[in-house]
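Could you walk me through this structure as I have it open in my viewer? I would like to know what to select next and what I will find there.

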Amino acid sequence: MSSGETISLKLNGEVREATAGPTTTLLEVIREQLGLTGAKKGCNQGVCGACTVLIDGKLARACLSLAVNSVGREITTNEGLTEDGEPSPLQQSFIDNGAVQCGFCTSGMIVSSHHLLQDNPSPSVDEVRDGLSGNVCRCSGYKKIIDAVRNVAGG
Amino acid sequence: MTEAGYSEPVSVDEVVTLLAADDEAKCVAGGASLVAMLNARLVEPSRLISLRHVEELQKIELAEDGWLRIGALVQHCDVAIAAELTEGNQVLSQAAGLIANPVIRDMGTIGGSVGHFDPAADYPVALAALGAEFEIAGANGRRSIPASEFFIDWYETALAPGDLITCIRVPPPPAGSAGVYEKLAKVKGDMGIAMVAVVMAMEGDAVSHLAVSVGGCGPTPIRLSDAEQALIGGRIDEAAIQNLGDKLSAASDPVDDVRASAAYRKILIPRLVARAIGQAKTKLGDGS
């Protein structure tokens, strides 16, 4: 949807302009207008977790967040977690541990894992499972995802 | 369809005025339920009223009458760690910590959850056991409705068109009470098959306060005040617990769904009740 008013969003530390109507979701804006396609549209019902982002430091489903209701908030996607253009230690750990099969869930998994590790830098297997319980991997590649989160270098 | 309107009021009065002016308008709190319904085109409101700048709705505070006021916009993640919830009232923080998954707990709000009133939701069960009340602002000012009268039927509450939940009022916990929230779900993060909330206090061997509510097993949370009262002043032994669990099971009206059959839920209720009361007794230091 491109109708609506012009809004400014704080996305990954930059101010970005977009057009949104009252019911346009944040996910539609960041994927279709702002070109960040890490967050995926899976279920569009808040169930699958593929669109998980951070809003003001809290986890959020971009598909359940209205774009107009996100103005003024700090939005961070998986792309925004890179460090000086390089993968963060967590992102590198997903690569090193082969924690990617089809890749559709990966951005959401990394954002949820990032949030978990902020509160708990060395989680147990059960704590990782709890922390990622809102993210579905339909390839069922959970073992390596859990390994990736627990094996972050320096974590 | 014409494009919906959008407003960001800053006071409860403004919200009530906006709702009164447009009976197809909807308030947006966390968005977790409403935006999912918008995406599925199950609702098409004419106006969305964002509550995010209404300061009054965002805080937890102790009122002069000793009751706790939990603003409607307080998120589940913050209820789960609220230091203001002490003793038996911790049944509410335990319930909040078991809602769905970390993402939904970071988005969803207590007012949004109870207003939507999915009968498998966690808050209604705990709030029924606590004897909480709901403060509602409407065209005729504010009123407070007890939990026992607020939850009416599947997805139906005492909210009238134009009403806004402003806060959840939680009474002071009974002295020395303990709270236990028990939820059985197929996997972490799923809706519960059945839930039990217990608030209990003892004086020596005798029960001095008891509230037990059952959720997920009928249109509204189930409480049997007469059966609770009958146990006050006595020892609460295995037979008494079994008897209460059986009565709650008999009073339940569960449905068959994808998570469990109604018959399974009927069997489950006394077992969850026994487990929850057992944990409350342990917390209260009664090993009998």
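## A walk through chain A and its partner

Start by selecting chain A in this predicted model and colouring it by secondary structure. Following the sequence from its start, you will trace the pattern β-β-α-β-β-β-α-α-α-α. That gives chain A 5 helices and 5 strands.

Now zoom out until the whole chain fits the window. Its radius of gyration is 15 Å, close to the 15 Å that the globule rule gives for 155 residues, so chain A is as compact as a globular protein of that length. Turn the C-alpha trace of chain A and you can follow its span along the principal axes, about 45 × 30 × 25 Å.

Next, colour chain A by burial. Of its 155 residues, 47% are buried. If you like drawing contacts, take those in chain A between residues at least 6 apart in sequence: 56% of them join residues at least 24 apart.

Then bring chain B into view and select the residues where the two chains meet. On the chain A side you should pick up 25 residues, in contact with 24 residues of chain B. Two elements to highlight here are strand S4 (58-61) and helix H4 (125-131) of chain A, each supplying at least two residues of the side that touches chain B. Which element gives the largest share of that side? It is S4(A), with 4 residues.

For a last stop, colour this side of chain A by residue class. The side touching chain B has 15 polar residues, along with 7 nonpolar and 3 charged ones.

Key. Residues numbered from 1 in each chain as written. Chains lettered and ligands numbered in written order. Predicted model: local features only at pLDDT ≥ 70, side-chain atom pairs only at ≥ 80, totals over all residues. Contact = placed C-beta atoms within 7 Å. Nonpolar A, V, L, I, M, F, W, Y, C, P; charged D, E, K, R; others polar. Rg over C-alpha atoms; globule rule 2.2 N^0.38 Å. Buried ≥ 20, exposed ≤ 12 C-beta atoms within 10 Å, placed from the backbone.
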